[in-house]
There are 4 protein chains.
Amino acid sequence: MSNLKFSFLYDYSEGAHDKILEALSTTNLVQQNGYGEDEYCDQARLLIKKAIDNDQVDVHFVSGGTQANYIVISSALKPYESVISASTGHIHVHETGAVEAKGHKINVIDSTDGKITPEQIDKVLIFHTDEHMVRPKMVYISNSTEIGTVYTKTELKKLHLFCQEKGLYLFMDGARLGSALMSPESDLQITDLPELTDVFYIGGTKNGALIGEAIVLCNDALKDRFRYYIKQNGALLAKGRLLGIQFKTLFSNNLYFDNAKHANQMAFKIAEAVKSLGYDFLGKPSSNQIFPILPNSVIDKLNKLYQFYTWSKVDDNRSSVRIVTSWATPESAVDSFIADLSSIKGQESI
Amino acid sequence: MSNLKFSFLYDYSEGAHDKILEALSTTNLVQQNGYGEDEYCDQARLLIKKAIDNDQVDVHFVSGGTQANYIVISSALKPYESVISASTGHIHVHETGAVEAKGHKINVIDSTDGKITPEQIDKVLIFHTDEHMVRPKMVYISNSTEIGTVYTKTELKKLHLFCQEKGLYLFMDGARLGSALMSPESDLQITDLPELTDVFYIGGTKNGALIGEAIVLCNDALKDRFRYYIKQNGALLAKGRLLGIQFKTLFSNNLYFDNAKHANQMAFKIAEAVKSLGYDFLGKPSSNQIFPILPNSVIDKLNKLYQFYTWSKVDDNRSSVRIVTSWATPESAVDSFIADLSSIKGQESI
Amino acid sequence: MSNLKFSFLYDYSEGAHDKILEALSTTNLVQQNGYGEDEYCDQARLLIKKAIDNDQVDVHFVSGGTQANYIVISSALKPYESVISASTGHIHVHETGAVEAKGHKINVIDSTDGKITPEQIDKVLIFHTDEHMVRPKMVYISNSTEIGTVYTKTELKKLHLFCQEKGLYLFMDGARLGSALMSPESDLQITDLPELTDVFYIGGTKNGALIGEAIVLCNDALKDRFRYYIKQNGALLAKGRLLGIQFKTLFSNNLYFDNAKHANQMAFKIAEAVKSLGYDFLGKPSSNQIFPILPNSVIDKLNKLYQFYTWSKVDDNRSSVRIVTSWATPESAVDSFIADLSSIKGQESI
Amino acid sequence: MSNLKFSFLYDYSEGAHDKILEALSTTNLVQQNGYGEDEYCDQARLLIKKAIDNDQVDVHFVSGGTQANYIVISSALKPYESVISASTGHIHVHETGAVEAKGHKINVIDSTDGKITPEQIDKVLIFHTDEHMVRPKMVYISNSTEIGTVYTKTELKKLHLFCQEKGLYLFMDGARLGSALMSPESDLQITDLPELTDVFYIGGTKNGALIGEAIVLCNDALKDRFRYYIKQNGALLAKGRLLGIQFKTLFSNNLYFDNAKHANQMAFKIAEAVKSLGYDFLGKPSSNQIFPILPNSVIDKLNKLYQFYTWSKVDDNRSSVRIVTSWATPESAVDSFIADLSSIKGQESI
């Protein structure tokens, strides 16, 4: 960071929401059972079940997204079964081969918007005919996706229906689930998820927690002895209370959704300004990750003031950048960024 | 816990030391890089290198002991290599086959005191002669051990010398390293460890942190691309700062050692009282886990007031119990326990 | 071998029974489907089902014992499940950690006679209580065992009943099944096996085939998509006919059992002679592996004439040796061995 | 097969070359050491070293291609390393995820001709920047490829040079190496391979053997304790002689190359006829797999007489078929096929 004004690099640049730190302090010396069998985990599980309006699911807490992804996938699949993912999928690109390290192939579908469709999945299924090939058994989607897009309820319904017909599990990576659910581009509700997925997780790390993802197992076939998988992979925290306290706090007083709404609003405020300055986007801004397309000269100047990723080359003069906001992004930083972008653009025009 | 007076079940019943919570608060909104590349992790690494008086080591932070164990072991071994452990070793018994899940056999040495010797290891080596068997390549020891004993500097020196002669890596599980180093039964110093092991870790979870173990790679052969292993196994926290801040705090103002010393003192105060009441122990009390041998009738009554594990049957009338103290054990709880034990014994005698 | 008279090292020193070579020649240019879907494999499967008097089983052919063992075990177990084995078990000692390489722990039972009992297994079950430990799910036994002993029908019935009560799969490694079934020490019939095991295999390599073990899946729970496991582990031969032709031949005209009977008779002839010379055995000679206890001076002299393993030290003057016979051991070699042993003993006595 | 005239399905429809069967008979009762330590394996290793004019390599025998592929790859790579393959690569498509089952990701390069170039590999390398992604460390190529094309010496030289510069191992899958080396489309010699690859294997199964691939380790870094990998994966045959005898025979009297030359000649004779009938090909016929493009009506009629795969749809009226010949394809079958194709075409034209 050094002497830059603000970082829009990612949604995990800061610690935790104040209320979480408060709750950690308040409960600190209360003795509890270890390994997720404490009262706070119990309370958090109840609050999540209430929030999704379903008490038949099983809820487990782990530390992070990669852990959640490979544990869910490897617990669901037999050794010869594979998981289908978009080419942009976090499991395919950014998890150091964690899924393959557990023995499973990822069947990759080329995707430009980060999402996948039943038609694309069907092609994969048709190709895999016998025991000389892996057997696709799970579909992995991210919501919001790695490039900021979101699934609508209709899209998810179609996907789930197709998966049910084909005997595939549908798994939603919800590392940024809050932002997806608060997106104006989607009518999907958290209460829809137990019906429309076999398993999903509720990301805490990128929405106000220090660490933590809440895995929600909806399909009974996936529930059996899940704690064995968590423990075997080193994901069962001795002080599971750390996860319980955080999710209890996030699912009290609507904090989880308020955090995500704030992140989205900050992103959209920037997006509006970008648009009004005449710049375009890589994909429609839909969640807390937006991808403005800017002249390279503008990017160079912005980079001296703010931290963010330059995402992809668009043409010889322009590139897309990734701007990420979060529960912790102050509106002042957003306003400052807009003012600086506007000013840089003004200089460019001269 | 319900209405019991106190739990001596384990050393992770509470949250974190106050100074850690304070540090989390103070730093909370300072933006940092993710994945352990933040300033706090950097500072913690420097403090640890200073504490062990060696700046050639590599220091990495992970969440817990099982994670630390299987990542260290699987990163060091080739697919056909195995690790030697005491039969009491945490990796053999209490990690749901995590080491085997990464593909490696554990060669088990029967141990009554939790420790292993060069002579025992040599028998394993002599037995494994060719490619029809695994090839032992690492020795795993715990200090303090799972049953509260500690290695002396002389014992560790012999072990390390033997391992060097035989081309074996020596790995010390330090989940309870603080308590071991503060034990009056051992002259071992933390500054000895880089010389006498190839890799060890400094346990935070059981000595005042919410989560966290600091892996110290001493042997150059083990350092290469270690972060790939951490990431692939889902152990690279997005908010690595959580680990950095904690270890920075623990290694400031001697907190790590003070915490451990307190835990030991609380255990020894109980041990003295137990001894003065005429009861014996399973092994000599050496660290924050002690194993008094009590009449079953006494145990039954104590159990109505305090939480602890009944460990093993000693004879028809007596069993050993495990009493664990920690940085968070108040002296008042210890005094209360001693008074109640004394009182129960008095009733028994009547 | 060089200039020694004969090797009693193992039962795979020679090629294949003449009838197998004949069948390979006769069928050589008949075009067939690959991957075990040829007519010979079909016929062999039918002959085996007839021999075991059960047409509900699934029969698959693989190349060798280690392959059969780890494929059966890893296809049956979930990632957190373990297999119980005698300490003498081939999977524990002589397969370079193949089972662990597939991710599974072996729970070892100390055994002096190579066999295990329900009481021993029960202790393992009682110890493994929760998700911090692996979950034993399969029992692995060898028949004949690695030290030549055999299970009686009564022993196997008890073991199977216990496994059923406890929800454990019972897996019999039959690398030397022929010799076990032809043993005068056991009343077990091959037709008993589908009732008394969940899966077993019929060893070909050590009973007259060039390569090949026939895995017989009895329990429906183990049958699903087994060919995927065979293929994924590189065990599905393109020219599966090689396995089919061999097992078709072995299970025609009683060849499998005649081969084994011959092997046993050769071993027992040696055993009788050893006994009549006044020497003892490590365990009662029961199959084609016998373990005479001989003076070290006698062993030294025998070793100049015959190849065999010196097995274990018995006392300062005596060791046990392993003598293995096979379908290919000519009676003349046995007679020569007996004569030489007798003559050496005679020299010793002088 | 039933009542069809001949099968051009694959090059493993028959047993073994007569000389191999002869050698198996001749040597059958000679006692040998097990596990590839017999005299025939030793002799075969010497003959192969002579044929490739290099005695610094290590030669190991395994049963089949999938086994060879995953053992070579998993022995060479660290857990976080990946292998680069063409999209047509056998390891990517037709091995039931065997490479992933050993924990490694395959980085896939889209290929239309079955081959890959340094430029394509470089894009993969540039993309994989840090520990959040796998680290590509090996390039896997097949020669001949899965679609019948072959690498020229110039192509292989460029590839090898590039791999050396980038620190990548170059691994050639030689399941059909004989046919590739005998191709008129390539000037590559078997003596070039130790210089131009780090490891390759010489396929026996598809060139006259019952089973068997000879893995040739050229790069010293790949040689260490390779037998441990073979054994751990169940690929070390007790009767290793079966592999030794076959490769000894194949590399005596030029049999390996004569077999391949015959296979190619049979394919080219068909290719000439196809061309003269005015049909085109999918790729230029280069080895023992050719892919004529035929009218669907012609394919239907041919299918009633011969077995072969219909490979891919070319347009609404035409498809490509795969015709595979082998050492065992009699010229009479080829002539018959040509005559029938010609006759069917004649009928079509009417």
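Colleague: Which residues in H1(C) meet which residues in H11(C)?

Modeller: In this predicted model, Lys19(C), Ile20(C), Ala23(C), Leu24(C) and Thr27(C) are the residues in H1(C) that meet Ile245(C), Gln246(C) and Thr249(C) in H11(C). By class, that contact is made up of four nonpolar, three polar and one charged residue.

Colleague: What makes H1(C) and H11(C) oblique to each other?

Modeller: The axes of helix H1 (residues 18-27) and helix H11 (residues 241-250) of chain C cross at roughly 130° and come within 9 Å. An angle counts as roughly perpendicular from 65 to 115 degrees and as roughly antiparallel over 145, with the rest, apart from those under 35, being oblique; the two helices are therefore oblique to each other.

Colleague: Is the crossing of H1(C) with H11(C) left-handed or right-handed?

Modeller: H1(C) passes H11(C) in a right-handed crossing.

Colleague: Turning to chain A, how do you know that H11(A) is mostly covered?

Modeller: A residue is called buried if 20 or more other C-beta atoms lie within 10 Å of its own, and 10 of the 10 residues of H11(A) are buried, so that the helix is described as mostly covered. Among those buried residues are Arg241(A) and Lys248(A) as well as Leu242(A), Ile245(A) and Phe247(A).

Colleague: What covers the buried residues of H11(A)?

Modeller: The cover includes H1, helix H2 (39-51), strand S2 (58-62), strand S8 (213-217) and H12 of chain A.

Colleague: Which helices of chain A each supply at least two residues of the side that touches chain B?

Modeller: The contact takes 41 residues from chain A and 41 residues from chain B, and on the side of chain A at least two residues each come from helix H1 (18-26), helix H3 (65-76), helix H5 (98-101), helix H10 (226-232) and helix H11 (241-250). That side of chain A divides into 18 nonpolar, 19 polar and four charged residues.

Colleague: How is chain A divided into domains, and how many residues does each domain give to the contact?

Modeller: Domain 1 of chain A takes in 6-12 + 255-349, while domain 2 of chain A runs over 18-250, and 28 Å separate their centres, taken over C-alpha atoms. The contact takes 20 residues from domain 1 of chain A and 21 residues from domain 2 of chain A.

Colleague: Where does the largest share of the side of domain 1 of chain A that touches domain 2 of chain A come from?

Modeller: H12(A) gives that largest share, with eight residues, and both helix H12 (255-276) and strand S10 (289-290) of chain A supply at least two residues of this side. By class, the side of domain 1 of chain A that touches domain 2 of chain A has nine nonpolar, eight polar and three charged residues.

Note on methods
Residues numbered from 1 in each chain as written. Chains lettered and ligands numbered in written order. Predicted model: local features only at pLDDT ≥ 70, side-chain atom pairs only at ≥ 80, totals over all residues. Domains from an automatic or database assignment. Contact = placed C-beta atoms within 7 Å. Helix = DSSP H or I, 4+ residues; strand = E, 2+ residues; numbered from the N terminus. Nonpolar A, V, L, I, M, F, W, Y, C, P; charged D, E, K, R; others polar. Axes fitted to C-alpha atoms, helices over the stretch in contact; angles between N-to-C directions. Left-handed = near helix turned anticlockwise from the far one by under 90°. Buried ≥ 20, exposed ≤ 12 C-beta atoms within 10 Å, placed from the backbone.
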